[in-house]
Amino acid sequence: MKKTFILVLLSLVCAVCCAFGLAACGDKDNGGNSGSNQPTSDHVHDWSDWVITTPATCSAPGRATRTCKTNPNHKDYTDVAIEPEAHLWDDGEEITPATCMEKGKKKFVCLHNEEHTKTEDIPIDNNAHDWDSWKVTKESCTGKGEEMRVCKRDEKHTQTRETEPMGHYLASPTSTECGRCKTPLAQSFTITRIDETFQITKGTAPATRILIIPAYVKTGETMTPITQIADSAFMSDTFTEIQFSPTLSRIGASAFSGCNGIQSVNIPDNVHSIGSSAFENCVKLKTVTIGRGASEIGAKAFRGCTSLQAVTFTDTTGWKFKDVNLTTNEPQDITDPSANARELKEGDHTTWVMVKD
Ligand SMILES: [Zn+2]
Ligand SMILES: [Zn+2]
Ligand SMILES: [Zn+2]
Ligand SMILES: [Zn+2]
């Protein structure tokens, strides 16, 4: 009885094992994908050619695969030998930059193995000069000048560019004509130092009646800019025209007041301050242009200029009227030149200045 029971149990265990074993083989036969030794009895693989599915690199073998034409689930794999030249180079690092005369060098490192490196030439760079400083080659008081620089590596490499007009200069503080072009600038000037620059404190126009403001005074070997026209410098003079200089930054109070020969004034971009009463009672003055750099126009600067028709601001943004204590302000629209002219010659500006933020 006991023997029979053990036998039955054994055969049950066997049956279960067999069932599982068969199921496992079947699975493998239908879906196996890890080798050619499929446990099937009557299937002979019909392999395709080898196809490289993972290329070999300089550091790792690749893999080739072939597929059974009868059942594409049957696949076979094999290694592809390391390819010593199959590096994967990085973007490279410049070790020596190229110049206008010599090639540079660039070093590359293999991303598979950092011990694999190579260097390559960087071609000559025709723009990579080593410039010396600019030197003036053509001077001009009122027209465009020219300056040039030379490459320190090869003097045949040069570059030129235009320069802005330099303005006239006085050969000494007592000169009255330009040291370069000999144009008479004034009948007399009084030039005095102010900080690091010079100012014109007094003067009378030359016989031409055209007053030309010099840009520099030469003292020894140094050209020092004249940046200011002092208060009352040309008051009530009789010239008909003023030519300002590119170095001027301030026109003093009453500098040109009562100059009743001038008809137009063109204030250059470097001038930031026009003093109070600077052009007051210039009764023939018709047109004024205020340069880009202006930021302050003093009280009564154009008061009593009864002929004034147009005052044009090169930069019309940000202007305000302020009282002389600078405590209140009103934004001002100054885009209309004729309205500006009316306001500046007739408006109550005895205690108001115009400023730009
Ligand atoms: Zn097959
Ligand atoms: Zn490599
Ligand atoms: Zn060069
Ligand atoms: Zn000159």
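**An internal cavity and three zinc sites**

The largest cavity of this structure has a volume of about 60 Å³. The model is a predicted one, and the values that follow are computed from its atoms. With the threshold set at 30 Å³ or more, the count comes to one cavity. Its lining is made up of 13 residues, and Gly298, Lys300, Ala301, Leu344 and His349 are those that lie nearest the centre. Strand β25, residues 352-356, supplies the largest share of this lining, namely three residues. Sorted by class, the lining of the largest cavity contains nine nonpolar residues, together with two polar and two charged ones.

The zinc sites may be taken in the order of their ligand numbers. The zinc ion (ligand 1) is held by three histidines and a cysteine: His43 through NE2, His45 through ND1, Cys68 through SG and His74 through ND1, at 2.1 to 2.4 Å. The four donor atoms subtend angles of 101 to 122° around the zinc ion (ligand 1), and the arrangement is therefore tetrahedral. The ideal angle for four tetrahedral donors at a metal is 109.5 degrees. Along the chain, the donors of the zinc ion (ligand 1) follow the spacing H-x1-H-x22-C-x5-H. Within this set, His43 and Cys68 link distant parts of the chain, 25 residues apart: His43 belongs to the loop between α1 (2-31) and β1 (51-54), and Cys68 to the loop between β2 (62-67) and β3 (75-80). Are these two donors buried or exposed? His43 has a relative accessible area of 24% and is partly exposed, whereas Cys68, at 2%, counts as buried because the limit for that class is under 20%.

The zinc ion (ligand 3) is coordinated by Cys100 (SG), His129 (ND1), Cys151 (SG) and His157 (ND1), at 2.2 to 2.3 Å. Here the angles among the four donor atoms run from 94 to 124°, so the arrangement around the zinc ion (ligand 3) is again tetrahedral. The spacing of its donor residues in sequence is C-x28-H-x21-C-x5-H. His129 lies in the loop between β6 (117-122) and β7, while His157 lies in the loop between β8 and β9 (158-163); the pair therefore ties together parts that are 28 residues apart in sequence. His129 counts as partly exposed, because its relative accessibility is 22%.

For the zinc ion (ligand 4), the donors are Cys141 (SG), His168 (ND1), Cys178 (SG) and Cys181 (SG), at 2.1 to 2.2 Å. The site is tetrahedral, with angles of 95 to 113° among the four donor atoms. In sequence, the donor residues of the zinc ion (ligand 4) are spaced C-x26-H-x9-C-x2-C. Cys141 and Cys181 are 40 residues apart and link distant parts of the chain, Cys141 standing in the loop between β7 (135-138) and β8 (145-150) and Cys181 in the loop between β10 (169-170) and β11 (188-194). Cys141 is buried, with a relative accessible area of 9%, whereas Cys181 is partly exposed at 36%.

The cysteines raise one further point. How many disulfides does the structure hold? The count is zero. A disulfide is a covalent bond between the sulfur atoms of two cysteines. Cys110 is buried, its relative accessible area being 3%.

Note on methods:
Residues are numbered from 1 along each chain as its sequence is written. Chains are lettered from A and ligands numbered from 1 in the order in which they are written. This is a predicted model: local features need pLDDT of at least 70, side-chain atom pairs count only at pLDDT 80 or more; totals for chains, interfaces and linings use all residues. Side-chain values use heavy atoms; hydrogens and water are left out. Donors are N, O and S atoms within 2.8 Å of the metal (3.2 Å for Na, K and Ca); water is not among the atoms, so sites may look incomplete. Four donors count as tetrahedral if all angles lie between 85 and 135 degrees; four count as square planar and six as octahedral if opposite donors are over 155 degrees apart and all others between 65 and 115; anything else is irregular. Helices (H or I, at least four residues) and strands (E, at least two) are DSSP runs, numbered from the N terminus. Buried means under 20% relative accessible area, exposed over 50%, partly exposed in between (1.4 Å probe, protein chains only). A disulfide is a pair of cysteine sulfur atoms within 2.5 Å. On a 1 Å grid over the protein atoms alone, a cavity is a set of points where a 1.4 Å probe fits but cannot get out, and a pocket is an open set with protein on both sides within 12 Å along at least five of seven lines; lining residues have an atom within 4 Å of a point. Grid points are joined across faces, edges and corners, and a volume is the space filled by probe spheres set on the points. Ala, Val, Leu, Ile, Met, Phe, Trp, Tyr, Cys and Pro count as nonpolar, Asp, Glu, Lys and Arg as charged, and the others, Gly among them, as polar.
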